[in-house]
Structure formats: C-alpha cells, structure tokens
Amino acid sequence: MAWFQDSEPTTRDLLVGVYDLTHYTRYCLKTPDEDVLSLMRGYFCLTGGIIQQNGGRLIKTLGDAGLAAFDAADSDTGVRCFLALKEAGDAWLRNQGYPGKAVVKLHMGPVACGLVGAPGCEILDTYGKTVNTAMLLESKGFAITPQVFRSLNAGVRGLFRKHTPPVTYISVDTPH
C-alpha cells in the first residue's frame, strides 16, 4: 500500500513540493471568478496528473498553490517530475494567456501524514517542519534544499547548480 493510501496517521520521510503561480493576485483582480476557476481546474488537472503518473500525490490545492509529495526513496523520480510539471505547466499557462509562471520549492524529511477534516469528509494532509521549510524556501523559479540535492543520483544532481545568496555586511555592533 502506498504511503498516501494509509488511513492511519503516520510519520514518513517524504519529498515535499510546493508550487504556486506568479502574478496570481493581479490576474484574479481583472478576471471573472468563473474564468479563474476554469484556469485553475485545468492547471491542477494537468499538474496533478503529472504527479500521479510518476507515483506521487497532489495533497491539496489552495488558490494557485499546490502541495504534493513523493516517498523519499523516489526522490530522483520526484525531482524529475517537478521539473516536468514546471515545464509543462508553464507552457500550458502561456497557451491560456496567463501572465505568470510556476515557482517550485522542494524539501525532504519527516512528515506527519493523516486524514483530517469534518467527520465523513476527511482528506489526506501533511504536517511538520519539512512542509514548512518547503513552503518558506526562497525561489523565483525552481529550488531544492541541500537535503534534496544530497539524496539525488549524479545524473539528476547535474541538473542543478549551487546558489549562494549574495554577501551582505552588517555593523560590528550588530549581533548575529
């Protein structure tokens, strides 16, 4: 049984991916609500299908954001899937006339998984530091944490380069 089919709460090591769209708020302000819904239905049908076809799970969506996960043992497949999701999703959005693109952020580690919600309407959800780290990761396109990078084979690692934030200077009196 796949980790996401287990109805009992569990903690598992997962590759967690968060993705959302640039310019979404501006788009919503000038677009009829029904058209926004139609766009997001199509987008999440496409991206959720890519995730599902590769053995992962789209956990949930909220507006323009999606939260998805793969078993940590499948990190190479998961990372390649998120790269494909970004490429296919961005192309699809362009074809729909959407003015932005997806931003994808990945982290790996222990995640609490279980069903939550109103009785009889529970849905699978994920919680913990790993999910929060993925959500707060800085990115303008596609970013992975060192934990994800270290889990990848050499072929997938070759798709990434190290990014170090620019050096900043602080006064000698400022604690760090």
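**Entry 1: threonine 47**

I started with the side chain of threonine 47, which makes a polar contact with the side chain of tyrosine 19 at 2.8 Å. I am reading this from a predicted model, so I keep that in mind throughout. Threonine 47 sits in helix H2, which covers residues 33–53. Is threonine 47 buried or exposed? I found a relative accessible area of 0%, so threonine 47 is buried. Leaving out residues up to four places away in sequence, I noted that threonine 47 touches Tyr19 and Leu85. Tyr19 therefore turns up twice in my notes, as a polar partner and as a touching residue, for a threonine that has 0% relative accessible area.

**Entry 2: the whole chain**

Next I stepped back to the overall layout. I counted 6 helices and 6 strands in the protein. Going along the sequence, I wrote down the order as β-α-α-β-β-α-β-β-α-β-α-α. The C-alpha atoms fill a box of roughly 55 × 45 × 35 Å along the principal axes. Of the 176 residues, 39% count as buried. I also looked at contacts with a separation of 6 or more: residues 24 or more positions apart account for 69% of them. The exposed surface comes to about 10600 Å², and carbon and sulfur atoms supply 54% of that area.

**Entry 3: salt bridges**

How many salt bridges does the structure hold? I found 3. As a reminder to myself, side chains of opposite charge can pair when their charged atoms come close.

I took the pair of aspartate 71 and arginine 12, whose side chains meet in a salt bridge at 2.5 Å, N to O. Aspartate 71 belongs to strand S3 (residues 65–71) and arginine 12 to strand S1 (residues 10–21), so this pair ties together parts that are 59 residues apart in sequence. Aspartate 71 has 17% relative accessibility and counts as buried, because the cut-off for buried is under 20%. Arginine 12, at 31%, counts as partly exposed.

Then I looked up lysine 60, which forms a salt bridge with aspartate 125, the closest N and O atoms being 3.0 Å apart. This pair also links distant parts of the chain: lysine 60 is in strand S2 (residues 57–62) and aspartate 125 in strand S5, 65 residues apart. Lysine 60 counts as partly exposed at 34% relative accessibility, whereas aspartate 125 counts as buried at 5%.

Lysine 86 and aspartate 90 form another salt bridge, with 2.6 Å between the closest N and O atoms. How far apart along helix H3 are lysine 86 and aspartate 90? They are 4 residues apart in that helix (residues 75–95), which means a separation of about one helical turn. I found both lysine 86 and aspartate 90 buried.

**Entry 4: the S4–S5 hairpin**

I went back to strand S5, since aspartate 125 lies there. Strand S4 (residues 102–116) pairs with strand S5 (residues 123–127) in the antiparallel sense, over 5 bridges. Which residue in S5 does alanine 112 stand opposite? I traced it to tyrosine 127. The two strands make a hairpin with 6 residues between them, and glycine 117 in the turn has a positive phi of about 135°.

I also checked the surface here. Val116, Ile123 and Tyr127 form a nonpolar patch, with about 260 Å² of accessible area together. Valine 116 lies in strand S4 and counts as partly exposed, at 30% relative accessibility. Tyrosine 127 thus appears both opposite alanine 112 and in the nonpolar patch.

**Entry 5: tyrosine 27**

My last stop was tyrosine 27, placed in helix H1 (residues 24–30). At 10% relative accessibility, tyrosine 27 counts as buried. What does tyrosine 27 touch, not counting residues up to four places away in sequence? I listed Asp35, Val36, Leu39, Tyr98 and Pro99. Out of curiosity I also checked tyrosine 27 against serine 151, 124 residues apart along the chain, and their C-alpha atoms are separated by 37 Å.

Methods: Residues numbered from 1 in each chain as written. Predicted model: local features only at pLDDT ≥ 70, side-chain atom pairs only at ≥ 80, totals over all residues. Heavy atoms only, no water. Pairing = 2+ DSSP bridges. Buried < 20%, exposed > 50% of the residue type's maximum accessible area, 1.4 Å probe, protein only. Polar contact = N/O pair within 3.5 Å; in protein donor to acceptor, adjacent residues only side chain to side chain. Contact = heavy atoms within 4.5 Å. Patch = residues over 30% accessible without salt bridge, like charges linked within 9 Å, V, L, I, M, F, W, Y side chains within 5 Å. Areas by Shrake-Rupley, 256 points an atom, 1.4 Å probe, with all protein chains shown as cover. Salt bridge = Lys/Arg side-chain N within 4 Å of Asp/Glu carboxyl O.
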